[in-house]
Structure formats: C-alpha cells, structure tokens
Amino acid sequence: MKLHQLVLFSLMLGLPLALKLGTPALLAQGERSGVLKIFQPQTDHSRVVVESVEGYTLITRTSDNTTLKVKLAGLKNLDRQWQNQAASVIAMVLQASGGTVSLSYVQSLEPGSEIRAIATLPNGTSLQQILLTDGLAKFDRFQSLPLKLTQAFQTSEADARSQGKNIWGEKGNVVSESK
C-alpha cells in the first residue's frame, strides 16, 4: 500500500469517529445558545379532545387550546339522516374512550380552520373504520390515503355491504350523497 493510500484510509476511518465524538458537544452548545430552537417540533395537533360531532366532522380542541374542525378522511358525505346516525355512534364511542383521539394523515382543507384526517381512538381503532364496518358511511376512493388504510377501509365497507348493514340494507341500495 502506498503512503497516500494509507493516509486517505486512516482519514476515512478517523473522520467518522471525530464527527461522532464532536457532534454531541456541538448539539449541547447549540442548545444552550438557543440556536437549535428552530428544530424543535411545532405544536402537536396529533392528540386532541373532541368537543362535539357534526356528521362526519369533529370539533376538537388541541393541547394549546386551539379549536380545529376535523373532517373524517376517506368518507363520502351522505344525506343528513346517515350523518346524524354516524354522529350518534361517534359520540357513544368517544364517551366510552374519554373523548380523545389521535389525528394522522392530516390534510389542510381551509387554511387555519379545517383539516381532513384519520381519527384514531386510544385503542388503535379509527372512527372511519367503525363507521364503515357499521354501514354508516361510504368510502371515498378519490381521497388520497396510504394503501394500507385504503385496503382496510374497502374491506370494512365490503363487509358491511355483504351483511346489508344500515345504508347497504336500503331498498335498491340507493343512498343519496350530499355535497
């Protein structure tokens, strides 16, 4: 091995070690001086308290006391009758779980006031899945959701449809959708 190859090889081995040893000191110094405040997470809206339910929309309050309107992602708007029944089921489920949900896959609809998200109970079940399984909602295939969720929602809807639950038990399977 030539001398310059040996020097380069030792630099490659030594450089990561120096970075590993120096990084904690740099981070601690940056934290003390306040430089790293820009890297701290912003307000976390993932865990919210549900204050009321209006159809497929939750009125929530975050830990910093911000009110958010959360539309349940992945669901089509059905007529008022079915949305009212869905709201009743959501209210019962929330009462049993302490009224808190976690929000994921959040999409902003109207800046500052309305979002679309998956609302998950503390036990890990999404409100959307409950409504689809009970036949109180229809899955909206045109909303962008992760494949795993899309498949789970389609399976829940298919199960409710095959059992003729609620909207799927209507004569002629006609349930009007609202805009």
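The following exercises, each with a worked solution, concern a predicted model of a protein chain.

**Exercise 1. Overall layout**

Determine how many helices and strands the chain has, and in which order its elements run.

*Solution.* Begin with the inventory: the chain contains four helices and five strands. Next, follow the elements from the N terminus, which gives the order α-β-β-β-α-β-β-α-α.

**Exercise 2. Burial, surface and contacts of the chain**

State what share of the residues counts as buried, what the accessible surface comes to, and what share of the contacts with a separation of 6 or more is due to residues 24 or more positions apart.

*Solution.* The chain has 179 residues, and 33% of them count as buried. Its accessible surface is about 11,300 Å², with 57% belonging to carbon and sulfur atoms. For the last step, consider the contacts with a separation of 6 or more: 57% of these involve residues 24 or more positions apart.

**Exercise 3. The aromatic pair**

Identify the residues of the aromatic pair and classify its geometry.

*Solution.* The structure holds one aromatic pair. Its members are Phe139 and Phe153, with 5.9 Å from centre to centre and 70 degrees between the planes. An angle over 60 degrees counts as edge-to-face, and the pair of Phe139 and Phe153 is accordingly edge-to-face.

Now locate the two residues. Phe139 belongs to the loop between helix 3 (127–133) and helix 4 (147–162), whereas Phe153 is in helix 4; the two are 14 residues apart, and the pair links distant parts of the chain.

Finally, assess burial, for which the cut-off is under 20% relative accessible area. Phe139 has a relative accessibility of 1% and therefore counts as buried. Phe153, at 0%, is also buried.

**Exercise 4. The two sides of helix 4**

Establish which residues of helix 4 are buried, and where they lie when seen down the helix axis.

*Solution.* First, describe the helix: helix 4 has 16 residues and spans 22 Å from its first C-alpha to its last, close to the 22 Å expected at 1.5 Å a residue. Its buried residues are Leu149, Thr150, Phe153, Ser156, Glu157 and Ala160. Seen down the axis of helix 4, these buried residues fall within an arc of 130 degrees, so they line one face of the helix. On the other side of helix 4, the exposed residues are Leu147, Lys148 and Ser162.

Continue beyond the helix. Gly164 follows helix 4 and has a positive phi, near 65 degrees. A further feature involves Arg161, which lies over the face of Trp168 at 4.2 Å from the ring centre.

**Exercise 5. Positive phi outside glycine**

For Tyr105 and Asn166, give the value of phi, then the location and the degree of exposure.

*Solution.* Tyr105 is not a glycine, yet its phi is positive, at about 50 degrees. Tyr105 is placed in strand 4 (residues 100–110). Its relative accessibility of 46% is the reason why Tyr105 counts as partly exposed.

Asn166, likewise not a glycine, has a positive phi of about 40 degrees. Asn166 occurs in the segment after helix 4. With a relative accessibility of 34%, Asn166 counts as partly exposed.

**Exercise 6. Leu78 and Ala137**

Find where Leu78 lies, whether it is buried or exposed, and how far it is from Ala137 in sequence and in space.

*Solution.* Leu78 is part of the loop between strand 3 (67–72) and helix 2 (80–96). Its relative accessible area is 1%, so Leu78 is buried. Along the sequence, Leu78 and Ala137 are 59 residues apart, while in space they are 7.2 Å apart, C-alpha to C-alpha.

Terms used
Residues numbered from 1 in each chain as written. Predicted model: local features only at pLDDT ≥ 70, side-chain atom pairs only at ≥ 80, totals over all residues. Heavy atoms only, no water. Phe/Tyr/Trp six-rings, centres within 6.5 Å; stacked < 30°, edge-to-face > 60°. Buried < 20%, exposed > 50% of the residue type's maximum accessible area, 1.4 Å probe, protein only. Lys NZ or Arg CZ within 6 Å of the ring centre and 35° of its normal. Expected span 1.5 Å × (residues − 1). Arc of directions from axis to C-beta. Contact = heavy atoms within 4.5 Å. Areas by Shrake-Rupley, 256 points an atom, 1.4 Å probe, with all protein chains shown as cover.
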